[in-house]
Amino acid sequence: MSTDLARLPPLDLLRGFVAVGRRMSITLAAQDLHLTQSAISRQVRALEDHLGVALLTRGFRSVSFTAEGARLFRLADPWMTELGELTALYREPQRRAAVTVTTTIGVASLWLLPRLGEFQAAHPGVDVRVAADNRLLDLSREHIDIAIRYCTPAQAPRGARRMFGEALAPVAHPSLGLRKLDRAALARHTLLEFDGQDWPWLHWQEWLAAHGLAKARPKAMLRLNQYDQVVHAALAGHGIALGRLALVEPMLRDGRLVAVGQAHPIDADGPAYWLVRSPLARGAEAGVVADWLHEQAKAMTTSAAASRAR
């Protein structure tokens, strides 16, 4: 059954509420919308009256969401962003539509973004938008053209192309002076732990157990909830990271990091990186980006195999 449009709140009221939610300040929201504070307050009050629920808790020079307000903001904020992007596109018809690529924050930061300069040099007529998100986004609903998924073969969507597999090895900054990872080294150094609950194979416990070090105790553990933070902490010399070789390979190649333990490849039926195209992906430009990403993955795999052979 279609929604009764007449019962929806006016756009101006929603816009005022989202502006307040983005800033958590009526004063700053008023500045953003070039309105007075009282006008913004009236818009939010009117929206609350329309919906029959309180959306904000008002304190002395502060506001916070009620449970209902937080729920509405989570829905309305991305919708407003998408509406703004579409409006800008209509107002600037000469503006090219970008091909949107989504992947996890770690893969975007460590693998995708360092390569995009080369893509832009080779394909100046194709614009790319990166949507880094650790959530599994719905490509059609979110209007995303391409995804780099990290999943098992069984989880890969139909038509996905395998880019490269996963292999892990301890890595550290050369300044730590490590040559191998044993009980003595663990006792002297901090382990940098990726605190991602969905991927236990990326945790130190599993790697240490596989290499006979299950009972060894590190000097300390530093836990970080984004994988690129783990790598940056290793680059800063803060400890030893469990390196995902596909993502840290450039840093190993140029000496910013060194491997200090044996590589541990994930089984063939384990997680790998897959290239997925949305069925609604924009034609030729999306194809150019997808093919380029696949070629980048192929070149990286070939280079890694040649290095191992030497």
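In this predicted model, the chain carries 37 positive and 30 negative side chains, and the centres of these two sets lie 5 Å apart. Some of these charged groups pair up with one another, and the count of salt bridges comes to 11. Before looking at individual pairs, it helps to have a picture of the chain as a whole.

The chain has 310 residues, of which 41% count as buried, and its C-alpha trace spans about 70 × 50 × 35 Å along the principal axes. Its secondary structure consists of 10 helices and 13 strands. If one takes the contacts between residues at least 6 apart in sequence, 76% of them join residues that are at least 24 apart. As for the surface, the chain exposes about 17600 Å², and carbon and sulfur atoms supply 53% of that area.

We can now turn to a stretch that has a name in a record. UniProt, in an unreviewed entry, lists residues 9-66 as "domain: HTH lysR-type". Over residues 9-66 the chain is 62% helix and 14% strand, while the C-alpha atoms at the two ends of the stretch are 18 Å apart.

Which residue forms a salt bridge with Arg 15? The partner is Asp 12, and the closest N and O atoms of the pair are 2.9 Å apart. Both residues belong to helix H1, which covers residues 11-23, and because they are three residues apart in this helix, about one helical turn separates them. Arg 15 counts as partly exposed, with a relative accessibility of 41%, and Asp 12 is likewise described as partly exposed, its relative accessible area being 41%.

A further salt bridge is formed by Arg 23 and Asp 32, with 2.8 Å between the closest N and O atoms. Here Arg 23 is partly exposed at a relative accessible area of 40%, and Asp 32 is partly exposed at 37%.

Glu 48 and Arg 58 also form a salt bridge, in which the closest N and O atoms are 3.2 Å apart. This pair links distant parts of the chain, since Glu 48 lies in helix H3 (residues 37-51) and Arg 58 in strand E1 (residues 56-59), the two being 10 residues apart. Is Glu 48 buried or exposed? With a relative accessibility of 8%, Glu 48 counts as buried, because buried means under 20% relative accessible area. Arg 58, by contrast, counts as partly exposed at 32%. The pair does not stand alone, for salt bridges that share partners join Arg 45, Glu 48 and Arg 58 into one network.

The last stop is Thr 103, which is found in strand E3, made up of residues 99-103. At 3% relative accessibility, Thr 103 counts as buried. What surrounds this residue, once its neighbours within four places in sequence are left aside? Thr 103 is then in contact with Ala 108, Leu 112, Ala 131, Ala 132, Asp 133 and Ile 148. Leu 224 offers a reference point elsewhere in the chain: it is 121 residues from Thr 103 along the sequence, and the C-alpha atoms of the two residues are separated by 19 Å.

Notes: Residues are numbered from 1 along each chain as its sequence is written. This is a predicted model: local features need pLDDT of at least 70, side-chain atom pairs count only at pLDDT 80 or more; totals for chains, interfaces and linings use all residues. Side-chain values use heavy atoms; hydrogens and water are left out. Helices (H or I, at least four residues) and strands (E, at least two) are DSSP runs, numbered from the N terminus. Buried means under 20% relative accessible area, exposed over 50%, partly exposed in between (1.4 Å probe, protein chains only). Contact means heavy atoms within 4.5 Å. Accessible areas come from the Shrake-Rupley method with a 1.4 Å probe; for residues, only the protein chains shown count as cover. Lys and Arg count as positive and Asp and Glu as negative; His and the chain ends are not counted. The place of a charge is taken as NZ of Lys, CZ of Arg, CG of Asp or CD of Glu. A salt bridge is a side-chain nitrogen of Lys or Arg within 4 Å of a carboxyl oxygen of Asp or Glu. UniProt positions are given in the numbering used here, feature names are shortened, and annotations may be inferred rather than shown by experiment.
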